[in-house]
Amino acid sequence: MVEEIERLSTGISELDRILSGGIPRGFFIAITGEPGTGKTICCITFINEGIRCNDRCIYVSTEESADSIIRQASQFNFDFKKAIEEKKLILIDALMGKDEQWSLKSLDVEELVNKVVEAKKALGYGRARLVVDSLSAFWLDKPAMARRYSYFVKKVFFKWDLTVLATSQYAISTSEAFGWGVEHIADGIIRFRRSVKSGVLKRYLLVEKMRQTPHSLNMFEIAIVDGKGLVILGSLEERKEDIALPKEVIEKIKKAKEMKEAEIE
Ligand SMILES: Nc1ncnc2c1ncn2[C@@H]1O[C@H](COP(=O)(O)OP(=O)(O)O)[C@@H](O)[C@H]1O
Ligand SMILES: [Mg+2]
């Protein structure tokens, strides 16, 4: 008998469809990609959905201050300030190194795990979502320990009923993850990409891995829309213009065809 899997909505309905319903509860997902591709906005959306459906939510930010995350969220009409006041969300600032309850003094993995557990206890029992943006920041200077640390981190988070999105940076020049990436231990990998087509920045998303899930294998073009958030525009397979011949060439072929047909008539 097939066991029914409980899945958490990502907050992006089209992405849920791509994932056959969402992210399985308790999974540890790597969100990877170059800078500016939409990783943080994807994480913010995942947390907003958690707030909406009453999951306990924790967001650890190493790249941006807590204020910056709140401001970014507000541009998509997500009220993180209210969620924090209502004790639905704890935003852990790991950038400023402040000595406050919900700050990390340093990028230390054990400190991270302890703080997340403390936050989970404060939020209370039940299904929870965690974002660590980025997790790779915690072992940039200790690549040899990364493998051992990441297993430990994954195990503890699972024990606390956390479904996790952990981002990891890609080196711009080589497209390789810095050091040892979280992808190696992840239950799922969502890869963000970018390219410039006809002088315009395009962004894409591809589910490279999702255990226990018959997910789409297509790459999708995405857009980040002010006031709205991350939107899936369509798969590259459907949007043939992106990968097919240049428009001018297609026009020429069409014209030649029409001329030939006219000749026959
Ligand atoms: N309010 C907004 N409206 C439209 N695009 C936005 C808005 N806010 C941010 N963006 C776009 O999102 C990008 C940042 O995405 P982000 O998720 O932070 O990237 P990263 O992958 O580095 O985490 C910006 O460079 C900008 O192009
Ligand atoms: Mg980011």
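Me: Why are strand 3 and strand 8 said to pair?
Reply: Two strands pair if DSSP finds at least two bridges between them; strand 3 (residues 28-33) and strand 8 (residues 188-197) have five, in the parallel sense, so the condition is met. Gly33, for instance, has Phe192 of strand 8 as its bridge partner. Strands here are DSSP E runs of at least two residues, and helices H or I runs of at least four, numbered from the N terminus. This is a predicted model: local features need pLDDT of at least 70, side-chain atom pairs count only at pLDDT 80 or more, and totals for chains, interfaces and linings use all residues. Residues are numbered from 1 along each chain as its sequence is written, with chains lettered from A and ligands numbered from 1 in the order written.

Me: What makes strand 5 and strand 11 edge strands?
Reply: The open sheet of nine strands runs 5-4-6-7-3-8-9-10-11, with mixed pairing. Strand 5 (89-93) and strand 11 (229-235) each have a single partner strand, so one side of each lacks a neighbour in the sheet.

Me: Why is Ile47 called buried?
Reply: A residue is buried if 20 or more other C-beta atoms, placed from the backbone, lie within 10 Å of its own (exposed: 12 or fewer; partly exposed: in between). Ile47 has 28, so it counts as buried. Ile47 belongs to helix 2.

Me: Which residues is Ile47 in contact with, leaving aside neighbours within four places in sequence?
Reply: Cys57, Tyr59, Leu89, Arg129 and Val131; contact means C-beta atoms, placed from the backbone, within 7 Å.

Terms used: Contact = placed C-beta atoms within 7 Å.
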